[in-house]
Amino acid sequence: MYPQEVINISWNEYGKLCECLKKKLGALPYESIVAISRGGLPIGVYLSHHLKLPLFVISAQCYNEYTEGPKVTVCPYIAGTGELGKNILLVDEINATGKTILAVREHLRIHHKVTFIMVAVFLS
């Protein structure tokens, strides 16, 4: 198991982090936002509203297998309305090992024919 440090932030601070992220990402050519549930949902909603891009949600879970290390399960379906773009912004709240984001990225490339994926997370 990975060490877990709790970082407490207020909703005001959370909003400031979202605004900072929006400013850094705003000019790039995204067609859609894909949020990894659950942690990526609030960030995805904020960016979707402010960048005026459609939001899609994918579920993925990383769990620890004692003999082989962390394993990631990605849900085969994406929730959202409209058509998922080929240039997407993939968001999550934290990136501890990178395994979840890499698994979701591969899933999107193989099963949904996404060609450009920019990843944005709050904490690495």
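This is a short talk through some local features of the structure above.

Hello everyone. Before we look around, please keep in mind that this is a predicted model.

Let's start with the aromatic rings. How many aromatic pairs does a search of the whole structure find? It finds 1. The partners are Trp11 and Tyr14, arranged edge-to-face, with 5.5 Å from centre to centre and 70 degrees between the planes. Both sit in helix H1, which covers residues 11–25, and because they are 3 residues apart there, about one helical turn separates them. Are these two buried or exposed? Trp11 is exposed, with a relative accessible area of 72%. Tyr14, on the other hand, is buried, at 15%.

Now to the surface. Here you can find a nonpolar patch formed by Ile7, Ile9, Leu17, Ile94 and Leu123. Together these residues offer about 420 Å² of accessible area. Let me pick out one of them, Leu123, which belongs to strand E5, residues 116–123. Leu123 has a relative accessible area of 39%, so it counts as partly exposed.

Next, some backbone geometry. As a bit of background, most residues other than glycine have a negative phi, and most peptide bonds are trans. With that in mind, have a look at Ser37 and Arg38. The peptide bond joining them is cis, with omega at about 10 degrees. Arg38 is in the loop that runs between strand E1, residues 32–37, and helix H2, residues 40–51.

Which residue in the loop between H2 and strand E2 should we visit next? That would be Lys52. Lys52 is not a glycine, and yet its phi is positive, about 55 degrees. Its relative accessible area of 72% makes Lys52 exposed.

Further along the chain we come to Lys113, in the loop between helix H3, residues 99–112, and E5. Lys113 also has a positive phi, near 55 degrees, without being a glycine. With 53% relative accessibility, Lys113 counts as exposed; the cut-off for that word is over 50%.

Let's turn to contacts, setting aside neighbours up to four places away in sequence. Our starting point is Leu55, in strand E2. At 23% relative accessible area, Leu55 is partly exposed. What does Leu55 touch? Its contacts are Ile33, Ala35, Gly44, Val45, Ser48, Ala79 and Gly80. There is also a distance to note here: the C-alpha atoms of Leu55 and Gly82 are 9.4 Å apart in space, while the two residues are 27 apart in sequence.

One of the contacts of Leu55 is Ser48, so let's hop across to helix H2, where Ser48 is found. Ser48 is buried, with a relative accessible area of 14%. Seen from this side, Ser48 is in contact with Ile33, Leu53, Pro54 and Leu55. Ile33 therefore turns up in both lists, touching Leu55 and Ser48.

Our last stop is Thr100 in helix H3. Is Thr100 buried or exposed? Thr100 is buried, at a relative accessible area of 16%. Around Thr100 we find Ile36, Ala60, Cys62 and Val72 as contacts.

So that's the tour. If you would like one place to begin on your own, try the edge-to-face pair of Trp11 and Tyr14, or follow the chain to the cis bond between Ser37 and Arg38. Thanks for listening!

Methods
Residues are numbered from 1 along each chain as its sequence is written. This is a predicted model: local features need pLDDT of at least 70, side-chain atom pairs count only at pLDDT 80 or more; totals for chains, interfaces and linings use all residues. Side-chain values use heavy atoms; hydrogens and water are left out. Patches are made of residues with over 30% relative accessible area and no salt bridge: like charges are joined within 9 Å, nonpolar side chains (Val, Leu, Ile, Met, Phe, Trp, Tyr) within 5 Å. Accessible areas come from the Shrake-Rupley method with a 1.4 Å probe; for residues, only the protein chains shown count as cover. A salt bridge is a side-chain nitrogen of Lys or Arg within 4 Å of a carboxyl oxygen of Asp or Glu. Helices (H or I, at least four residues) and strands (E, at least two) are DSSP runs, numbered from the N terminus. Buried means under 20% relative accessible area, exposed over 50%, partly exposed in between (1.4 Å probe, protein chains only). Contact means heavy atoms within 4.5 Å. Rings of Phe, Tyr and Trp (its six-membered ring) pair if their centres lie within 6.5 Å; planes under 30 degrees apart count as stacked, over 60 as edge-to-face and the rest as tilted.
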